[in-house]
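Here are my notes on the model that you sent round, set out as numbered points for you to check against the coordinates.

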Amino acid sequence: MNEIFYITTPIYYVNSHPHIGHAYTTIATDVLTRFRKLFGADTYFLTGTDEHGQKIAESAAKSGIEPQEFVDRISQEFRVMWPHLHIENDQFIRTTDPEHKACVQQILQKIYDQGEIYLKEYEGLYCVGCERFMDESELVDGNCPDHQNPPELHKEQNYFFGMSAYQDWLVAELEQNENWVYPARYRNELTQFLKAPLQDLCISRPKSRLEWGIELPFDKNFVTYVWFDALLNYASALGWPDGEKYKKYWPHVHHTIGKDILKTHGIYWPCMLKAAGMPVFKKLVVHGHWVVGGSKMSKSLGNVVDPLAMKDQLGVDALRYFLMRDMSFGEDANFTEELAITRYNGDLANNLGNLLNRSISMSRNNFEGCVPPLGEIGELEKDLRNSFSKGVETCREYILAFQPHRALEHVVWLSSLVNKYIDNCKPWSLAKQKEDRERLGTVLYTALDMTRILVGLLDPVMPEKMREARISLGLGTEGIPFEKLTHGLLESGTELPKPTPLFPKMQVPGAEKTPAKIQQKEKPTSAASDEGKEWFALEDFQKMELKVGHIRTCRKVEKSAKLLCSEVDLGEGRLRSIVSGAAEFYTPEELTNRRVLVVANLKTVKLMGEKSEGMILFSDDKGKLILIEAPDEVNPGVTVR
RNA sequence: GGCAGGGUAGCUCAGUUGGUGAGAGCGCGGGAUUCAUAACCCCGAGGUCGGCAGUUCAAAUCUGCCUCCUGCUACCA
């Protein structure tokens, strides 16, 4: 019997537009699902949108439209985005779906009938932003710490769910079930939280204050608190209590969430399930957040990365790869364009893409455009095959342990093995000897065959790119079944189309070629030094704006051994800040007041946090810098040519 | 303040129950090579494993104290 795997993303609150956080959770869930499917599981993948609550009502009002129209609009943004990110969810639920509403009411009624929901008068400080009452001790200077404004005093009746009754049960559950919450640190966090007495959960909002929600079945004057409503989507989507899907998939439910909603999923949700008489989820899988340059990604900081923008730059599949590879699942991870492109170039372009390209090219050139025949195999082939059999299993284990980053690391390591194998066997040399033809075939076949396995392993992460790769290998468009990710199954004689680079190498933005690289490249090779040299036309030179500058002040750049930052007068009526790597050769005092040559139309860059709007020219003798000076009688701003 | 998790090569991080000279990728330096996307392959430099003290024949790995960062939570364990 097939293993069954049901996994959900949170349903996203339509108060904000889709961003990288949503994209990461959803892509991770998609990748995990596709891997499980590859391993033969019967999978079901749910995502959707959370659409009730006060913030939605307010946002709608602000936009001057009805809440329903508002949520329709934003929900649609999520729904249409997922296919663009190669997400293959089985269902998209909305909490405004009639089936969901019915389910929520039914469960509320059930718990109410059991006597676990009661009415209580409550007076307290209410923060509209948080949509909850706050304890005075939570306030900072009288303000809500999250929303920076004072909560309002509210007195009202509300319904409460007797969650506190489940505290002991939940503590025991967490204790017994070591892997219930993954990674374990989040389990610790919940355990820690449960050391304090659990409060009952307020699950209603009076309609006088908020109408946008699901009406309580036992009191028309109230709607349901949005979290109570939202969490139930995981079950309502499957047709609780009698739906076929519910019966089949519910016992195998996994929830992927970001660490920001740990408490709702780790505390409220199991208590709710217990009260509703449902089995609790099998596993809560918690991931960290993407941070940008060390600071949290937030709207207020204006550093939210738009996943669709990144998609255009990297390509969807490479973005998926980067997100999965660079975040240690569960930890926070840093996100920058440079990191993404470095990862892309290193793993995808240079290692895997180039492997595919070189293997196919050599096979085509030597075997009439076809997959070569496999001859007798030797030790090298045996070793490689061995590593791959183990490697495939290792990847599977990492995925089952919710460590996709480890799995991908391993795949690239395997890819390197094939590159090494090729280098060891030197097929380009074998091709020169007629008598080595059989050996040549064996080597190239092996390289292609192993590459095929890599393509199979990466299919869940990069479905479109790996489809292209399969076509390049003459395998057709169909995915490769897991049991075929084993050596020797490539068919000799299959025609190989002319390859084009699957992952063309990208330029890291802002990173010019390093001086060392240029030097190395232009190292004169004795006599023929002019041979490879590129000559510029005069108009090319004139693109550069060279000017005389006057260094007014100069100081060392903090924490940098090499950098000096100068304020330079270029006769522009303002001073430019220019960073130079000369601190090893000049003190700031020595540079102050000098007249120098400046490249004035160089793109502004930041070096060690300092803005640099140009370049001061030095002679560079094997790294030893000497300032090029202009005569004192030349005024700042004068052109040099 | 309490609790949890971190502080390991320039950067991002691995390091199982303490035990051969502390690792990977990227970056950097050198070499080799030319099939390939100036890719690949080999070699190398670089670390007081946050600090101090202790346990031990032996500690990045255990204990205590200190320090810094992150998260949760708050005057209460």
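**Notes on cysteines, cores and a helix**

1. Cys202 counts as buried at 14% relative accessibility, where buried means under 20% relative accessible area with a 1.4 Å probe and protein chains only. Cys103 is buried too, with a relative accessible area of 3%. The count of disulfides, taken as pairs of cysteine sulfur atoms within 2.5 Å, comes to zero.

2. This is a predicted model, in which local features need pLDDT of at least 70 and side-chain atom pairs count only at pLDDT 80 or more, while totals for chains, interfaces and linings use all residues. Residues are numbered from 1 along each chain as its sequence is written, and side-chain values use heavy atoms, without hydrogens or water.

3. The largest nonpolar core (buried Ala, Val, Leu, Ile, Met, Phe, Trp, Tyr and Cys residues joined through side-chain atoms within 4.5 Å) has 163 residues, of which Phe161, Trp250, Met278, Leu314 and Leu323 touch the most other members. Helix 17 (residues 437-458; helices are DSSP runs of H or I, at least four residues, numbered from the N terminus) gives the largest share of this core, twelve residues. Because domain 1 (4-287) and domain 2 (314-484) both contribute residues, this core lies between them; the domain bounds come from an automatic or database assignment.

4. A second, separate core has 16 residues, among them Cys554, Leu570, Val598 and Ala600.

5. Beyond its neighbours within four places in sequence, Met278 is in contact (heavy atoms within 4.5 Å) with residues including Ile107, Leu232, Trp240 and Trp250.

Technical notes
Chains are lettered from A and ligands numbered from 1 in the order in which they are written. Buried means under 20% relative accessible area, exposed over 50%, partly exposed in between (1.4 Å probe, protein chains only). Helices (H or I, at least four residues) and strands (E, at least two) are DSSP runs, numbered from the N terminus.
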